[in-house]
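Morning, everyone. I'll take a few minutes on one model, starting with its cavity and then going through helix packing. Have a look at it first.

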Amino acid sequence: MRQSSTGGAGDGTATEDDRLVSIGTVLNLLREEFPEVTISKIRFLEAEGLVEPQRTSSGYRKFGTADVERLAQVLRMQRDHYLPLKVIRDHLDALGRGEQIQLPAPGAVREPVDGPPERADGPTASRVGRDELLAAAGISAAELGEWESYGLLAPLPEGGYDAEAVNVAGLVAELGRFGLEPRHLRAMKAAADRESGLIEQVVAPLRLNRNPQTRADAETTTKDLAALTVRLHAALVQTSLRVRLY
């Protein structure tokens, strides 16, 4: 955040850095970099002890600049390095003690299940092996097998898993702490399949276009539509919950 243009240190006027902001403001600050983030996600990270906002006498959350920066660190570690929350918490604690940490590089060389090593173009373009998925998500082989039986995760035809499977596994594990079992999540998977099919219908003509630039833009369009779909889904869930609760 930038300092306010009026007032300065020592004159009794608070700067923008000193102000505490609401969870809604935090959401707007984070969404520029993390369009999929929701208020529920921020509250969940608070419940997991990854951020500790102040509370007003009325119980409302108030976040400082350090809280927003910490949330951004957590979200980056999840998005770029596919780390489970326990590992992220340990990394943040180490940083708080002034220790150096080493994160796995997003584009690092990975060993595929079969064939020679290959360099991934990015986190979503790489593959992870079964053991790597288990370690990164902090889950057991039995849990992975159960989630596969419900269709929540599936290995790639050529072996291994898409790197996004680490994120999926972490989220399924987090939901499990609230009592949501894999059988409860099948409806979410079915909805995701329908949404991805809808996006594919929009993007398919772009991929078949004779113009090379149009075909190249198809990937960007896919990502943009996916981000918008996630945001709409989150908004619809929030609206539905408000209707049910109030």
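**Cavity and helix packing**

The largest cavity is lined by Q78, Y82, L83, P84, L85, A136, V166, N167, G170, L171 and E174. Keep in mind that this is a predicted model.

How many cavities of 30 Å³ or more does the structure hold? One. Its volume is about 80 Å³. Which helix gives the largest share of the lining? That is helix α7, residues 164-176, with five residues. By class, the lining has seven nonpolar residues, three polar and one charged. The charged one is E174.

Now the helix pairs. Two packed helices are described by the angle between their axes and the distance between the axes.

Take α3 and α4. Helix α3 covers residues 65-81, and helix α4 covers residues 85-96. Their axes come within 10 Å and cross at roughly 135°. The cut-off for roughly antiparallel is over 145 degrees, so α3 and α4 count as oblique. The crossing is right-handed. Who touches whom? From α3 we have R70, Q73, V74, M77 and Q78. They meet L85, I88, H91, L92, D93 and L95 in α4. That contact has six nonpolar, three polar and two charged residues. Two names should sound familiar: Q78 and L85 also line the cavity.

Next, α1 against α3. Helix α1 is residues 23-31. It packs on α3 at an angle of about 50°, with the axes 11 Å apart. That makes this pair oblique as well. The crossing is right-handed here too. On the α1 side, the contact uses V26, L29 and L30. On the α3 side, it uses V68, L71, A72 and L75. How does this contact divide by class? Seven nonpolar, no polar, no charged.

Last pair: α1 and α2. Helix α2 runs over residues 39-47. The two axes come within 10 Å and cross at roughly 105°. Roughly perpendicular covers 65 to 115 degrees, so α1 and α2 fall in that class. I23, V26, L27 and L30 in α1 meet I39, I42 and R43 in α2. Six of these residues are nonpolar, none is polar, and one is charged. The charged one is R43.

Look at α1 once more. V26 and L30 meet α3. V26 and L30 also meet α2.

That's my tour. Over to you.

Methods
Residues numbered from 1 in each chain as written. Predicted model: local features only at pLDDT ≥ 70, side-chain atom pairs only at ≥ 80, totals over all residues. Heavy atoms only, no water. 1 Å grid on protein atoms, 1.4 Å probe; cavity = no way out; pocket = protein on both sides within 12 Å on 5 of 7 lines; lining within 4 Å. Points joined across faces, edges and corners; volume = space filled by probe spheres on them. Helix = DSSP H or I, 4+ residues; strand = E, 2+ residues; numbered from the N terminus. Nonpolar A, V, L, I, M, F, W, Y, C, P; charged D, E, K, R; others polar. Axes fitted to C-alpha atoms, helices over the stretch in contact; angles between N-to-C directions. Parallel < 35°, antiparallel > 145°, perpendicular 65-115°, else oblique. Left-handed = near helix turned anticlockwise from the far one by under 90°. Contact = heavy atoms within 4.5 Å.
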